[in-house]
Amino acid sequence: MTRRILVTGCNGQIGSKVMTGLKNSMTLKLKGDNVKKVVGLDKREANPDYESIKCDLLNQAEIGKIKLKFEEIDTLVHLASIVETSKSIKDAEDIIKLNVFSTINIINALPKLKHIVFSSSMMVYGKPQKNPINELHPTKPINLYGISKLLTEDAIRIYGLNHPDLKISILRLTSIYGPGNYSGKSSKRAIPNFIRLAKQHESPIIVGKINEKRDYLYIDDAVDAIIKAIENPFDGNINIGSEKSITIKELAALICNLCNSKAKPIIENESLEKDDYLLDISKAKELIGFRPTFLLESGLKKEISNF
């Protein structure tokens with residue numbers, strides 16, 4: 001079978017690496033399938049390193065102008081998303097529009113779709129009831145990002161009810177880190193913030209649940225999981241994580257050490273409460289053969305060297 005693949009969010013941290021990986025695989029074939037075409041789509045300017053289209057997925061007029069380019073696409077890798085963990089209802093409209101409506105718009109523009117790979121999030125689970133978290137864990141998101149991802153999962157599933165030949169592969173990703181992580185002062189991401197401060201010999205400030213554990217996955221492992229899901233179409237959802245967790249306090253200290261920083265983490269308003277997140281990836285191992293390869297320290301060293 002000839003595969004024609006569309007990757008949304010192709011200029012993002014993960015999307016650009018997925019495009020490079022797929023471009024390289026075009027000469028190799030995916031599981032015996034001939035990859036004839038890989039096209040990227042992003043709201044930002046087209047990337048000269050690979051074939052890509054600039055398009056706002058909330059703009060029906062823009063989609064209409066380029067719809068002919070989508071006619072032969074049979075595989076959608078949907079990575080385009082706004083990562084915003086707000087709990088404020090005033091942010092709901094923007095987050096839902098960008099994450100849910102854009103998904104519906106692009107799916108409706110692909111008449112020959114046979115496979116969807118959707119990057120969801122561990123945030124759909126909400127407050128963990130047990131660890132490690134498997135795919136049967138209740139989905140009760142506690143922020144708008146998690147709600148938008150769960151709504152998108154459901155929207156795709158509903159679409160699939162009327163398209164019985166469509167495979168829907170949902171990847172619930174843990175926290176991703178690595179080169180390309182947004183590191184501006186307005187960023188809420190722990191790892192790039194800690195690196196930026198440590199390199200300036202400024203102390204990372206940790207507030208609240210300093211002993212709460214998180215599961216961090218290096219970007220190359222995340223990309224490997226996505227490409228494996230393209231190679232091995234399945235129906236359902238799988239967790240994608242590192243199988244390791246670390247407290248936010250330990251993470252900040254490790255980054256300061258790896259940066260040879262004079263600074264040390266500062267603890268403020270310490271809370272004894274904690275919600276640990278560690279994903280069970282047994283199902284991913286079974287269905288797509290995914291196994292993370294990067295240890296946290298080696299991955300952090302790569303991000304620090306590219307900072």
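**Exercise 1.** Which residue in strand 4 stands opposite Leu6, and how many bridges join strand 1 to strand 4?

*Solution.* This is a predicted model, in which local features need pLDDT of at least 70 and side-chain atom pairs count only at pLDDT 80 or more, while totals for chains, interfaces and linings use all residues. Residues are numbered from 1 along each chain as its sequence is written, and side-chain values use heavy atoms, with hydrogens and water left out. Begin with Leu6, whose partner across the strands is Leu76 in strand 4. Then turn to the strands themselves (DSSP runs of E with at least two residues, numbered from the N terminus, as are helices, which are runs of H or I with at least four). Strand 1 and strand 4 (residues 75–78) run parallel and are joined by 4 bridges, where a pairing calls for at least two bridges found by DSSP.

**Exercise 2.** Decide how many of the residues of strand 1 are buried.

*Solution.* Apply the cut-offs, by which buried means under 20% relative accessible area, exposed over 50% and partly exposed in between (1.4 Å probe, protein chains only). Strand 1, which covers residues 2–8, has 6 buried residues out of its 7, and the strand is therefore mostly covered.

**Exercise 3.** Describe the geometry of the aromatic pair formed by Tyr177 and Tyr218, and say where along the chain each partner lies.

*Solution.* The structure contains 2 aromatic pairs (rings of Phe, Tyr and Trp, the last by its six-membered ring, with centres within 6.5 Å; stacked under 30 degrees between planes, edge-to-face over 60, tilted for the rest). In one of them, the rings of Tyr177 and Tyr218 are 5.5 Å apart centre to centre with 65 degrees between their planes, an edge-to-face arrangement. This pair links distant parts of the chain, since Tyr177 belongs to strand 7 (residues 175–177) and Tyr218 to strand 10 (residues 216–218), 41 residues apart. Tyr177 counts as buried because its relative accessibility is 1%, and Tyr218 counts as buried at 4%.

**Exercise 4.** What kind of pair do Tyr218 and Phe294 form, and why?

*Solution.* Their ring centres lie 4.4 Å apart and their planes meet at 40 degrees, so the pair is tilted. It too links distant parts of the chain, with Tyr218 in strand 10 and Phe294 in the loop between helix 8 (282–288) and helix 9 (296–305), 76 residues apart. Phe294 counts as partly exposed because its relative accessibility is 26%. As a last step, put the rings together: Tyr177, Tyr218 and Phe294 form one aromatic cluster.
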